[in-house]
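The exercises below concern backbone geometry, cysteines, helix packing and one selected residue. Each task is followed by a solution in steps.

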Amino acid sequence: MPDRHAAIRTASEALASGAFQRRLADLVSVPTVSTAAACGPVMRHYLAELLAPDLHDLGFVCTVLDNPAATDLPFLLAERIEDPGFQTVLIYGHGDVVAGGEGWSDGLAPFRLARAHGRLYGRGTADNKGQHSVNVAALRAVLEVRGSLGFNCRLLIETGEERGSPGLAQLLHEWADRLSADVLIASDGPRLEIGRPTIYLGARGSLRFMLHVATHDRPHHSGHWGGLLTDPAIRLAHALASLTDATGSLLVPEWRPESLTDEVRHAIADCGVGDVQDLIDPHWGEPGLTPAERVFGWNSLTILAQASGDISAPVAAISASARAVCQLRFVVGTDAEDIVPALRRHLEAAGLADVQVQEVAGSLSPATRLAADSPWVHLAAASITRTLGTAPAILPNIGGSIPNHVFAHIARLPTIWIPHSYRGCGQHAADEHLDLSIAAQGLQLMAGLFWDIGSAGRS
């Protein structure tokens, strides 16, 4: 009789034999940079010529779908329907990457896989080609051992995540029947720490907005006009300073969430902040909260950029205008629709009504969080513990943003994210890599999880 251990061994052999590395090398070699001009043919080649044949060999029916919002960023939908009565798992990943960039170490290059120091280097190895390759290899292992998955599986790969996932939400609406499932299981982002498997149940939300102060039609001489004309940079500085105190604690009442419950605190306390404890600034952020509560259970404001005049060649003049782009990361319990209106009310009450506020179009990513007592959470955690002998960290949400809201809010799915990377992976930077120890664990725990889902019976 086929057994669970055999599936896990088979998944491990993909790495030991080099088959996983060879497959990933092919994927990394394709420069699927979604910000590149006229990238559509490259994206279609990646989906139709590289991913689809591999999935077809596993019994999936593959369709390249046009993107309803961006024609150069298609999707791949792969379906393996074994029995209408089985549970259906939707697996998500993205095949696009950021630009190769400069600064790669000697012997390394963005679009050539290289093995060194117990790592696989190349653009996309961590974000996200390596991660969805782990999941596909785990599916293959279960199929080789059992001959079937024991569940229905839909795999959705997009090519526009690095551009904000245009069209993904619309696709979920238009293809609701073809993308229906009982659960989303996906892999993106980092583990809490390199040696500990991690489950995220959602994501912090994110919204960008611009503050703009325009006082004159042109700059004015600072000597002749200083003390007579409003300095927009000073007005902007006061506006920014009114949003937090000197250590980053939020001062806009509506931006302070009320969702840091005892249940959330308990989950966060079990995890901490992982292997970055020695790198954080312990006195920054909301007082009375642990570092983990600040990043996983609270909201934070960041000033992404600000400008007034030319810092590289300043002149003795009062600027005509000043502006800043800010970002609020927020958890469930924050009214996303009231973030900007609350800011306007706050500035007006502070005597800063002349500071204009504009939401950056398309920047809103709503916050999501699956309840920790979901049966899917229990199943995933128990399966990982059984496979590795180590309980995973279970966090209410990732600190960053992933397109989880389209699955949680539009498809209305419970969402389980199991990352196969870590914070030091070089994501979006030079020397991006997939740590081989994480890849080995990922292959094992995903094979075990897919085996256990298939053993759970019909829905």
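**Exercise 1.** Locate Ser-165 in the predicted model, and determine whether Ser-165 counts as buried or exposed.

*Solution.* Step 1: Ser-165 sits in the loop that links strand 6 (152–158) to helix 5 (168–174). Step 2: its phi is near 55°, a positive value in a residue other than glycine. Step 3: the general background is that most residues other than glycine have a negative phi, and most peptide bonds are trans. Step 4: the relative accessibility of Ser-165 is 11%. The limit for buried is under 20%, so Ser-165 counts as buried.

**Exercise 2.** Carry out the corresponding analysis for Arg-412: state the loop in which Arg-412 lies, and decide whether Arg-412 counts as buried or exposed.

*Solution.* Step 1: the loop runs between helix 12 (404–410) and strand 18 (415–417). Step 2: Arg-412, again a residue other than glycine, has a positive phi near 55°. Step 3: because exposed requires over 50% relative accessible area, Arg-412 counts as exposed at 68% relative accessibility.

**Exercise 3.** Characterise the peptide bond from Asp-127 to Asn-128, and place Asn-128 among the helices and strands.

*Solution.* Step 1: omega of this bond is near 10°, and the bond is cis. Step 2: Asn-128 belongs to the loop between strand 5 (119–121) and helix 4 (129–146).

**Exercise 4.** How many disulfides are there, and how far is the sulfur of Cys-153 from the nearest cysteine sulfur?

*Solution.* Step 1: the criterion is a pair of cysteine sulfur atoms within 2.5 Å. Step 2: by this rule the count is zero disulfides. Step 3: for Cys-153, which is in no disulfide, the nearest cysteine sulfur is that of Cys-62, 11 Å away. Step 4: Cys-153 has 0% relative accessibility and therefore counts as buried. Cys-326, with 0% relative accessibility, counts as buried.

**Exercise 5.** Describe the packing of helix 3 with helix 4.

*Solution.* Step 1: the axes of helix 3 (residues 40–57) and helix 4 come within 11 Å and cross at roughly 25°. Step 2: angles under 35 degrees count as roughly parallel, so helix 3 is roughly parallel to helix 4. Step 3: Tyr-46, Leu-51, Asp-54 and Leu-55 in helix 3 meet Lys-129, His-132, Val-136 and Arg-140 in helix 4. Step 4: sorted by class, this contact of helix 3 with helix 4 comprises four nonpolar, one polar and three charged residues.

**Exercise 6.** Classify the packing of helix 11 with helix 13.

*Solution.* Step 1: helix 11 (residues 375–388) packs with helix 13 (residues 436–455) at an angle of about 130°, and their axes are 9 Å apart. Step 2: helix 11 is therefore oblique to helix 13. Step 3: the crossing of helix 11 with helix 13 is right-handed. Step 4: helix 11 contributes residues including Trp-376, Leu-379 and Arg-386, and helix 13 contributes residues including Gln-441, Leu-445 and Asp-452. Step 5: the contact residues of this pair divide into eight nonpolar, five polar and two charged.

**Exercise 7.** Which residues does Val-295 contact, leaving aside its neighbours within four places in sequence?

*Solution.* Step 1: Val-295 is in helix 9 (residues 291–296). Step 2: with those neighbours set aside, Val-295 is in contact with Arg-204 and Gly-399. Step 3: Val-295 counts as partly exposed at 28% relative accessibility.

How values were computed:
Residues are numbered from 1 along each chain as its sequence is written. This is a predicted model: local features need pLDDT of at least 70, side-chain atom pairs count only at pLDDT 80 or more; totals for chains, interfaces and linings use all residues. Side-chain values use heavy atoms; hydrogens and water are left out. Buried means under 20% relative accessible area, exposed over 50%, partly exposed in between (1.4 Å probe, protein chains only). Axes are lines fitted to C-alpha atoms, for helices over the stretch in contact, and angles run from 0 to 180 degrees between N-to-C directions. Helices (H or I, at least four residues) and strands (E, at least two) are DSSP runs, numbered from the N terminus. Angles under 35 degrees count as roughly parallel, over 145 as roughly antiparallel, 65 to 115 as roughly perpendicular and the rest as oblique. A crossing is left-handed if the near helix is turned anticlockwise from the far one by less than a right angle, and right-handed if clockwise. Contact means heavy atoms within 4.5 Å. Ala, Val, Leu, Ile, Met, Phe, Trp, Tyr, Cys and Pro count as nonpolar, Asp, Glu, Lys and Arg as charged, and the others, Gly among them, as polar.
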